[in-house]
Number of protein chains: 2
Amino acid sequence: MQTPKQLSEVVREWAEVFMHRSGRDFKRFMDTTGLSFSQVNILMRLLHGGSAGVSEIGEKIGVTNAAASQAIDRMVQMGLIVRTEDPQDRRAKRLELAPKGRDLIEKGIKARIKWIEDVTNSLTLEQQEMIISALTLLTEAARTTED
Amino acid sequence: MQTPKQLSEVVREWAEVFMHRSGRDFKRFMDTTGLSFSQVNILMRLLHGGSAGVSEIGEKIGVTNAAASQAIDRMVQMGLIVRTEDPQDRRAKRLELAPKGRDLIEKGIKARIKWIEDVTNSLTLEQQEMIISALTLLTEAARTTED
DNA sequence: GAATATATTCAAGCCCGCTTAACTAGTTAA
DNA sequence: TTAACTAGTTAAGCGGGCTTGAATATATTC
């Protein structure tokens, strides 16, 4: 067994547990907020990538511009997203998270990972330190290769 | 800054990156397989928890028994799930992943985490070892507190 | 064994997100 | 300044997953 193979195996098992457990929480989040799968995806993208245009978002989440426009419009009316005209190109709109939207999606993420905190609380400080180092490393590495 | 606070912060950032990146792949997986959000959830649950009954699954993924029954039936016809009568209670059905279904959902998971492998490949062996240890720890801890 | 409860399925209909196609407005270029 | 192109919105309609309520079959209880 080589290290790379072990690593991919470990990642796979971790992902399996993670996806399994966050699935139900994700559904509950959609139900309680009244947001669709695509809408949550949009909020996540805005949280992570800052501002963006309508068609850019549609392309990223895999729907038509029309669908993206509709999904966004609903969230603008809910006060989750701020839609302003792009001063450079007045055809285009610039979309950003409103404070309310940022708060909502961050709360959603927190709810989906709360069980991890519960799990890590039962570990020793040394183990927690190791996990901090490892996840920091992973996060930073991931951010250097953004899409 | 206490260690617990750092840890939760690190976990939150990691989760944010993870969810952001797997969102698009998840959508693509649904589109290419023709499966709904609930159906993927069901496959994930069967992969993780072994066999289960219809209403048990409905409850776990947050829909009515009727909805679960329908979603499952479609996947039985697709050959993804095996539905057999429970010998103990012939009213009940026992659902299990068919080999085809197991294969499909495992491929889906792999596709959703491929970017992690790409990311970790650029790390040193020592760093990889640390990540292996940390994720193994997390996975095992999570499994001791199953829902 | 009659009544009640449980597990699942069936049937009808609703709701909502998505797509296509048309439309508006603004930009670019000849 | 006209034509072609781009960004976004709007409108109409479709499809599919969901819910409710009834139906079927088996278990349990008295």
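**Two chains, one core and two DNA strands**

B:Leu7 lies in helix α1 of chain B. The model here is a predicted one, and in it B:Leu7 is buried, with 21 other C-beta atoms within 10 Å. What does B:Leu7 touch, once its neighbours within four places in sequence are left aside? The contacts are A:Thr120, A:Gln128, A:Ile131 and A:Ile132. B:Leu125, by contrast, sits 118 residues further along the sequence and 23 Å away in space, C-alpha to C-alpha.

Those contacts lead straight to the interface. Here 56 residues of chain B are in contact with 56 residues of chain A. On the chain B side, α1, α2 (37-49), α3 (54-61), α5 (99-120) and α6 (125-144) each put in at least two residues. The largest share, 19 residues, comes from α1(B). Sorted by class, this side of chain B holds 25 nonpolar, 16 polar and 15 charged residues.

How are the two chains related in space? Chain B can be laid on chain A by a turn of 180° with a shift of 0.0 Å along the axis, and the RMSD is then 0.1 Å. The two copies are therefore related as by a two-fold rotation axis. The same surface serves both copies, with 98% of the contact residues of chain B recurring in chain A.

Which residue of chain B comes closest to the rotation axis? That place goes to B:Ala134, with its C-alpha at 3.1 Å. Apart from its neighbours within four places in sequence, B:Ala134 is in contact with A:Met130, A:Ile131, A:Ala134 and A:Leu135. So B:Ala134 touches its own counterpart in the other chain, A:Ala134, among its contacts.

B:Ala134 also turns up in the core. The largest nonpolar core has 69 residues, and B:Ala134 is one of those with the most contacts inside it, along with A:Leu43, A:Leu135, A:Leu138, B:Leu43 and B:Leu138. Helix α1 (residues 3-33) of chain B gives the largest share of this core, seven residues. As a rule, nonpolar side chains in soluble globular proteins tend to be buried together.

Two residues of chain A give a closer look at how the helices of the two chains meet. A:Gly23 is found in helix α1 (residues 3-33) of chain A. Is A:Gly23 buried or exposed? A:Gly23 has 22 other C-beta atoms within 10 Å, and because 20 or more make a residue buried, A:Gly23 counts as buried. Not counting residues up to four places away in sequence, A:Gly23 touches B:Asn41 and B:Met44. Within chain A, A:Gly23 and A:Arg112 are 89 residues apart in sequence, yet 8.5 Å apart in space, C-alpha to C-alpha.

The second is A:Leu47, in helix α2 (residues 37-49) of chain A. A:Leu47 has 19 C-beta neighbours inside 10 Å and so counts as partly exposed. Leaving aside neighbours within four places in sequence, its contacts are A:Leu97, A:Arg102, A:Ile105 and, across in chain B, B:Glu16. A:Glu96 is 49 residues away from A:Leu47 in sequence and 8.3 Å away in space, C-alpha to C-alpha.

Then there is the DNA. Around strand C there are 23 residues, of which A:Ala66, B:Gly53, B:Ser55, B:Ala66 and B:Ser69 come nearest. The surface near strand C draws at least two residues from each of α4 (65-77) of chain A, α3 of chain B and α4 (65-77) of chain B. The largest share, five residues, belongs to α4(B). By class, this surface has eight nonpolar, eight polar and seven charged residues.

For DNA strand D the count is 24 residues, and A:Gly53, A:Ser55, A:Ala66, A:Ser69 and B:Ala66 come nearest. Here α3 (54-61) and α4 of chain A, together with α4 of chain B, each supply at least two residues. Helix α4(A) gives the largest share of the surface near strand D, six residues. The residues divide into eight nonpolar, nine polar and seven charged.

Helix α3(B), which contributes to the surface near strand C, also has a buried side. Which residues of α3(B) are buried? They are B:Ile57, B:Gly58 and B:Ile61. Seen down the axis of α3(B), these buried residues fall within an arc of 100°, so they line one face of the helix. Just after α3(B), B:Gly62 takes a positive phi of about 80°.

Key
Residues are numbered from 1 along each chain as its sequence is written. Chains are lettered from A and ligands numbered from 1 in the order in which they are written. This is a predicted model: local features need pLDDT of at least 70, side-chain atom pairs count only at pLDDT 80 or more; totals for chains, interfaces and linings use all residues. A nonpolar core is a set of buried Ala, Val, Leu, Ile, Met, Phe, Trp, Tyr and Cys residues joined through C-beta atoms within 7 Å. A residue is buried if 20 or more other C-beta atoms lie within 10 Å of its own, exposed if 12 or fewer, and partly exposed in between; C-beta atoms are placed from the backbone. Helices (H or I, at least four residues) and strands (E, at least two) are DSSP runs, numbered from the N terminus. Two residues are in contact if their C-beta atoms, placed from the backbone, lie within 7 Å. Ala, Val, Leu, Ile, Met, Phe, Trp, Tyr, Cys and Pro count as nonpolar, Asp, Glu, Lys and Arg as charged, and the others, Gly among them, as polar. A residue is near a molecule or strand if its C-beta atom, placed from the backbone, lies within 6 Å of it. Copies are superposed by least squares on the C-alpha atoms of residues with pLDDT of at least 70 in both. The arc is that of the directions from the helix axis to the C-beta atoms.
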